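Trainee: Hey, I've just been handed this one and I don't know where to start. Could you walk me through it?

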Amino acid sequence: MNDAVAVPARETSMRRRALITGCSAHAVHDGLTDVIYVLLPIWQAQFTLSYAKIGLLRGAYSGMMAVFQLMASRAAKRWGRVPLLVGGTALAGIAYLLVGQATGLGMLLLALLLGGLGASTQHPLASSMITDAYEDGGGVKQALSQYNFSGDIGKTLIPGLVGLLLTVISWRASATLLGLLGLAAAGLLWWWVPTQVGESATTKNARPLNGTGSVIGLRALILTGTLDSAVRMGFLTFLPFLLQAKGAGTAGIGLALTLLFIGGAFGKLFCGYLGARIGMMKTVWLTETSTALLIVAAVYLPLSGLMVMLPVLGLVLNGTSSVLYGAVPDLAGAGKREQAFAVFYTGTIGGGALAPVVFGGLGDALGVPLAVMALAGMLWVTLPLAWVVQRGIAVDR
């Protein structure tokens, strides 16, 4: 059923600006976050790192994002969403400038921690801004699907371009260009976002879309998202090494990530609309089951077969998150939507930060193939959790 209502022209313009702002920030931040996967094999060779240390580097960026989600949400109430969003984007850019100057593991780790701190501002603030903008006129879930789709556009373009750049310039020069991209994006966001968008998003009295919220359902949703994110980030950490073992070079790894993220981009858009049509639980069961089976297949397929499969794997691997994001407003209590988004992202990004460290150690002990299959096994836990979430949504309505 179409829940859209008539919206004045000025309000429509403000909604579009809020959506463009959130989508642009998401694309840049997700691209800067996931380009790390292309750089990990280079850093391993450059600094002689174990898989556990590789996981620590990947987890450092995501861990800082997770830890400071709630703080960013609270700080926005005092200083406004737009200044924090712009400042966080600039900080992520500065972090990559430092990455380009890193001479050892310690400096590299410090730079990634700084980048994660800057990135912590994006998810809770941009998603809440879009939700608030679209609530009165309807179409919140569709707008959030577009927001999630834009993140995968960044994941597709930036790692792919860096993979190509690494064939002609050094990784340090590539990191410096990424830093300049972050600073340029911060400047454009500051120029583009009108003050009214930030003020309305910060001061607006948010209310639940469909009732008083469900604490049990929200907790189950957060746990589902945490497990889903842990598997996704863990698999992405190991994927370059799986590809390398099958004979792929640096450009091949960049191409593989591009194929995966292309599938993921369409998966987030498609699954967001699919969830609105057939329901959250059925969509999650479909995507998580398919993801588990395809991850196991990725271990055994030859390089050519894996490359062909990656867009499909990306579709289901990333598609689940779009459905889960869309359920947050349904389960959030009155006046707690921004906090609910912050807690949700804390859990999901925290799971994504912890997984590379834990499974990196498992990879050192048992080998990458067994560690990857253990990741696939975790997804089966999300199936009963999705049922609990669905009950929470039904009760709330």
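Mentor: Let's go from the overall build to the salt bridges, then the cavities and one helix.

Trainee: Sounds good. Any ground rules?

Mentor: This is a predicted model, where local features need pLDDT of at least 70, side-chain atom pairs count only at pLDDT 80 or more, and totals for chains, interfaces and linings use all residues. Residues are numbered from 1 along each chain as its sequence is written, and side-chain values use heavy atoms, with hydrogens and water left out.

Trainee: How many helices and strands does the protein have?

Mentor: There are 17 helices and zero strands. Both are DSSP runs numbered from the N terminus: H or I with at least four residues for helices, E with at least two for strands.

Trainee: And how much of the protein is buried?

Mentor: Of its 397 residues, 58% are buried. Buried means under 20% relative accessible area, exposed is over 50%, and partly exposed sits in between, with a 1.4 Å probe and protein chains only. The accessible surface comes to about 15100 Å², and carbon and sulfur atoms hold 69% of that; the areas come from the Shrake-Rupley method with a 1.4 Å probe, and for residues only the protein chains shown count as cover.

Trainee: OK, switching topic. How many salt bridges are there?

Mentor: Four. The rule is a side-chain nitrogen of Lys or Arg within 4 Å of a carboxyl oxygen of Asp or Glu.

Trainee: Which residue does Asp-30 pair with?

Mentor: Lys-155, at 3.8 Å from N to O. Asp-30 is in helix α1 (residues 9-34) and Lys-155 in helix α8 (residues 140-165), so they're distant parts of the chain, 125 residues apart. Both Asp-30 and Lys-155 are buried.

Trainee: What about Asp-34?

Mentor: Asp-34 also has a salt bridge with Lys-155, at 3.9 Å from N to O. Asp-34 lies in α1 and Lys-155 in α8, so this pair ties together parts 121 residues apart in sequence. Asp-34 and Lys-155 are both buried.

Trainee: What does Arg-81 form a salt bridge with?

Mentor: Asp-132, with the closest N and O atoms 3.3 Å apart. Arg-81 is in helix α5 (residues 81-99) and Asp-132 in helix α7 (residues 122-135), so parts 51 residues apart in sequence are tied together. Arg-81 is buried, with a relative accessible area of 2%, and Asp-132 is buried too, at 4%. As for the earlier trio, shared partners join Asp-30, Asp-34 and Lys-155 into one network.

Trainee: Next up, how many cavities of 30 Å³ or more are there?

Mentor: Two. On a 1 Å grid over the protein atoms alone, a cavity is a set of points where a 1.4 Å probe fits but cannot get out, and lining residues have an atom within 4 Å of a point. Points are joined across faces, edges and corners, and a volume is the space filled by probe spheres set on them. The largest cavity is about 160 Å³.

Trainee: Which residues are closest to the centre of the largest cavity?

Mentor: Of the 15 residues lining the largest cavity, His-123, Lys-155, Met-233, Tyr-325 and Ile-349 are the closest to its centre. Helix α1 gives the most to that lining, with four residues.

Trainee: Last one: which residues of α4 are buried?

Mentor: In helix α4 (residues 69-79), they are Gln-69, Ala-72, Ser-73, Ala-75 and Ala-76. After α4 comes Gly-80, which has a positive phi, near 95°.

Notes. On a 1 Å grid over the protein atoms alone, a cavity is a set of points where a 1.4 Å probe fits but cannot get out, and a pocket is an open set with protein on both sides within 12 Å along at least five of seven lines; lining residues have an atom within 4 Å of a point.
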